[in-house]
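Grab the viewer and work through these exercises with the model open. Each one has a task, then a solution in steps.

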Amino acid sequence: MAGPVSQIHLSWAQDPSTSLTVVWHAPSAGDGALLEYRVVGSRAWRRVSGSTRPSPAKGMLHEVTITGLVPDTGYEYRVASGDGASGASSPAFETRTAPRAGPADFRFAFICDTGLIGRLDGNATGTKQIIGELVCDRPLFILGGGDYAYANADGRFEDYADAIDAWFVQMQPMIARFPFMAQYGNHEVALPERFIDWAPRFAHPEGSEEGRNYSFEVGDVHFTALYVPEPPLGADRLAWLEDDLAQARRRGLRWLVVYQHEPVYGHGHSHPARPELRGLLAPIFERHRVDLHLSGHDQNYERTYPLLGVPDRPAPASTSRDTYEAGGGVVYAKVSPSGKMSEKRNDFSRFTTEQQPFMAFRDDTAHHYALITARAAGELVVEVYSVVGDDTPKALIDRFRVVAPK
């Protein structure tokens, strides 16, 4: 393999309990995509090969999917040298496969609106710390809600593709260890980045619309990644969403989590929620008893009580601050930003209205990310942290749980 490798990142394109997919960048095709892996604590490395494709920017992308792995097991991997010699072109990274299907204990994270460290305007004040916090938190995997590089607003890059490369480089310490399941925001499809500049860099289940929408399952949780950055939301996508959630319920999945870029509820000055989006999606979520909806885009944190009757008459099924019964309504959590403040005022997206009675908690003074724990005993615990970005310790600002009926 000619030249240094970089931008190494993990995801799941197949069964999360028995496979891992690694994508990385190299200046040229070299001798192809080669990777070595082993169970943590073992001595012998196994070598597997994959595919190579041109990067949307410069160089080549290599992709390897390792299959036949043992569920809930720690693995090490490294990008191997392509000349047949022993050794590696990358350090070894440690990760873990997902547990088997069914009730299980695991933790995952959600981030959105990250930006690039070191922006000249100082707008990405929390990015470095949030990456560091998540490396310490060690979630099993991370959900990405979109708006990653913000190439149009970062004055250091003449070519926006270089900004995208820089984003993958800065995220490598985190997403080379924890599979990153990306959804796309408006900054991945416009301004001037395009879907075709981002999609080839990620690997995830096939889904629909060239991978714009997809789903996967870990333990007894069904995750639906919904593409919403470009209106309108067409009938085909809504039909796919309806079918995806219905199938998950028919298969008996305990928890349904949907994540997307634009929020269903958002009351900041930067990107308030679109009522038409809420009107199309909320009835589908309620029909299939979605437990948790995650989004970003509007750079602040807002979280509802579990709601029914959206969009016309949103009514909390419970006004408890911290405990809800599954099936009693959808909790909408807008968790943003995870590093970069609003472009409009170089600040967080300050609220433009008083807190509504269906909103349980909100904050527009810091960066945010979520850690969510699924427990085999029958609960989904959501913890949201605020980060100032000056190395002040993170603060737990909101915690709630959704519990399965006894």
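**Exercise 1. Find the partner of Ser51: which residue of E6 stands opposite?**

Step 1. Ser51 stands opposite Glu63 in E6. Before going on, note that this is a predicted model, where local features need pLDDT of at least 70, side-chain atom pairs count only at pLDDT 80 or more, and totals for chains, interfaces and linings use all residues. Residues are numbered from 1 along each chain as its sequence is written, and side-chain values use heavy atoms, with hydrogens and water left out.

Step 2. Widen the view to the two strands: E5 and E6 (residues 60–66) run antiparallel and are joined by 4 bridges. Strands here are DSSP runs of E with at least two residues, helices are runs of H or I with at least four, and both are numbered from the N terminus. Two strands pair if DSSP finds at least two bridges between them.

Step 3. Now the whole sheet: it is open, has 4 strands in the order E1-E2-E6-E5, and pairs antiparallel. E1 (6–11) and E5 (51–54) are the edge strands, each pairing on one side only.

**Exercise 2. Check helix H2: what should its 16 residues span, and where does H2 bend?**

Step 1. H2 covers residues 160–175. The expected span is 1.5 Å times one less than the number of residues, which gives 22 Å for H2; the end C-alpha atoms lie 21 Å apart, so the two agree.

Step 2. Look for the kink: H2 bends by about 30° at Val169, with Pro173 following within four residues. The bend is the angle between axes fitted to the seven residues ending at a residue and the seven starting there.

Step 3. Go to the start of H2, where a side-chain oxygen of Asp159 comes to within 2.9 Å of the backbone nitrogen of Ala161.

Step 4. Check burial (buried is under 20% relative accessible area, exposed over 50%, partly exposed in between, with a 1.4 Å probe and protein chains only). Buried residues of H2 include Ala161, Ile164, Trp167, Phe168 and Met171.

**Exercise 3. Classify the ring pairs Phe141–Phe216 and Tyr148–Trp167: which is edge-to-face and which is tilted?**

Step 1. Rings of Phe, Tyr and Trp (its six-membered ring) pair if their centres lie within 6.5 Å; planes under 30 degrees apart are stacked, over 60 edge-to-face, and the rest tilted. The structure holds 33 aromatic pairs.

Step 2. Phe141 and Phe216 have ring centres 5.9 Å apart and planes at 75°, so this pair is edge-to-face. Phe141 sits in E10 (residues 141–144) and Phe216 in E12 (residues 214–218), so the pair ties together parts 75 residues apart in sequence.

Step 3. Tyr148 and Trp167 have centres 4.8 Å apart and planes at 35°, so call the pair tilted. Tyr148 is in the loop between E10 and H2, 19 residues from Trp167 in H2.

Step 4. Both tilted partners are in a cluster linked by ring pairs, with Phe168 and Phe180 also among its members.

**Exercise 4. Compare the backbones of Arg138 and Asp147: are these residues buried or partly exposed?**

Step 1. Arg138 has a positive phi of about 55° although it is not a glycine. Asp147, also not a glycine, has a positive phi near 55°.

Step 2. Arg138, in the loop between H1 (127–137) and E10, is partly exposed at 48% relative accessible area. Asp147, in the loop between E10 and H2, is buried at 2%.

Methods. A polar contact is a pair of N or O atoms within 3.5 Å; within protein, one must be able to donate a hydrogen and the other to accept it, and residues adjacent in sequence count only if both atoms are side-chain atoms.
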